[in-house]
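Me: I would like to work through a protein chain step by step. Please keep the answers short.

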Amino acid sequence: MRLPDPALVVLVGASGSGKSTWAAERYRPQEVVSSDALRGVVGSGNHDLDASVDAFAILEQVVAARVGRGLCTVVDTLGLDAGRRTSWLALARQAGLPAVAVVLATPEADCRRRNAARDVPVPAPALAGQLRRMRTVAEELATEGWEVVVTTEGAASQGAAAEEQVVARPAPVADTRDRRTSAGVEVVLQVSRFPWGEDPAGWLTGIALEADRLGFAGIALMDHLVQIPQVGRAWEPIPEPYVTLGLLAGLDTRLRLGTLVTPMTLRPAGVVAKAVATLDALSGGRAFVGVGAGWWEREHAGFGVPFPGARERLDLLEDGIETMRALWSPGTKAWHGTRAALPETTCYPRPVGPVPVIVGGSGERRTLRIAARLGDACNLPSDPAVLAAKTAVLHAHCSDVGRDPAEVAVTVLDLPVVGHDRGDAWRRVERLRGRTAAASYAARHHAAPAPAHAERYAALAEQHGVSTVFLGLPDLDSADDLERVAPLLA
Ligand code: GDP
Ligand code: MG
């Protein structure tokens, strides 16, 4: 069972029950606040009972500070004082952190034996008192309001360690079967930064070949004229996507290739239709296209491209999809859409097959209506609460325009921080977060090792019907970075 993370985790167990060991196997040292360790800081050593009052004063301060920042905090004390437990619980509530109690229900004889083996054992009568209180603590915890109460026997922790080792094994390389995870999601690698050094084509080729080997379903590129501030600096390279996808189409892979998303303000829709049809022809039918209304005024101004108001941009999106579909249809006859019209539809090469059109954006009044009316898919944020709200609106539009909601696939953009392990995930957060508070950055990017992300994707599929996750790694520097994501594709 995976515990909520971040969380306030309060350990409850007699001396020698294995609390500190349990915590050390699962959390970073900085996340564990230990009364014994603080006795060592302010007293003569970890077992200096005379230092208890000072040690607990500091412990309370550290717990309050960490929990107040929304940081994962493991309280390593006996955990037998109900008053302290309820005050920690209140801190967690206030900070919106889930509160977990972990009961180390190690057999009493084991606690006694391990205690006796210590350099400085707890006096036998004190241990006996702890063990007596342990017999009723489960009942107390049940009424205190913990989100999760876990009971574990000391020995179980060795099983957990073994499990963690399994997770760290290199993932099997995918074969050429259908590229969906066991939860039925396909994962497309979204590439938004291009730290390619002196070798742009080599870097891109390396990423694509490795993504294909590992079992990604495709590659999606951003379509911007200037690197966007959410991702990098304006002077960092951001290649023209259709030229770049042409390079990738020439590689021997099964990757689907497309943009996420093309602002319909940048090129006339017919020219986009031409590029996408060409990409589909060159790649043997692997093209898709993400489309949006455009939002970044600066890149338009800087390239001499008009940037009309929101209503007109949404018109361009809506008419643009119709225009592309007209140009991809058989024949050359004139076409009259709801607003736009073409005197002929002579566009060769045709796409090999139907090209999926993914409508990006979550504007409820129009963007989602356009997705409902004309999209093969929508692209929404991966936050479950936002996703639930947006899909409800999408489906309302579907029923309004008489479209079967099953015809509009739900896709999400997810930007996870994926660590080899907890410590690695946290180091990445510290490196990436800039001026954002660590806890909010970690939460927004779900910082964790790959298995936690795999569970999240399975939940997105099961609870929200997500068919495709576009996965953008905030720290994709080279092809080597993809391996640690591979367990997500299993
Ligand atoms: P705490 O007093 O509850 O924090 O207990 P510790 O984590 O310090 O563990 C006490 C002793 O028990 C140490 O010598 C540990 O190495 C040992 N220990 C802890 N967990 C286990 C376990 O799961 N199995 C075994 N065999 N020994 C353990
Ligand atoms: Mg301990």
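Reply: Contact means heavy atoms within 4.5 Å. The model here is predicted.

Me: Among contacts between residues at least 6 apart in sequence, what share joins residues at least 24 apart?

Reply: Start with contacts in the chain between residues at least 6 apart in sequence. Then keep those that join residues at least 24 apart. Their share is 74%.

Me: Which side chains of strand β5 point to the buried face?

Reply: In a regular strand the side chains alternate between the two faces of the sheet. Strand β5 covers residues 148-152, and its side chains alternate too. Val149 and Thr151 point to one face and are not buried. The buried ones, on the other face, are Val148, Val150 and Thr152.

Me: Which residue in β5 does Val100 stand opposite?

Reply: Strand β4 spans residues 99-104. Five bridges join β4 to β5, and the two run parallel. Opposite Val100 in β5 stands Val148.

Me: How many disulfides does the chain have?

Reply: A disulfide needs two cysteine sulfur atoms within 2.5 Å. For Cys398, the closest cysteine sulfur is in Cys378, 8.5 Å away, so the two are too far apart for a bond. The count of disulfides is zero.

Me: Is Cys398 buried or exposed?

Reply: Buried means under 20% relative accessible area. Cys398 has a relative accessible area of 0%. Cys111 has 1% and is buried. Cys398 is likewise buried.

Me: What percentage of the residues in the chain is buried?

Reply: The chain has 490 residues. Its secondary structure comes to 17 helices and 17 strands. Buried residues make up 51%.

Technical notes:
Residues are numbered from 1 along each chain as its sequence is written. Chains are lettered from A and ligands numbered from 1 in the order in which they are written. This is a predicted model: local features need pLDDT of at least 70, side-chain atom pairs count only at pLDDT 80 or more; totals for chains, interfaces and linings use all residues. Side-chain values use heavy atoms; hydrogens and water are left out. Buried means under 20% relative accessible area, exposed over 50%, partly exposed in between (1.4 Å probe, protein chains only). Helices (H or I, at least four residues) and strands (E, at least two) are DSSP runs, numbered from the N terminus. Two strands pair if DSSP finds at least two bridges between them.
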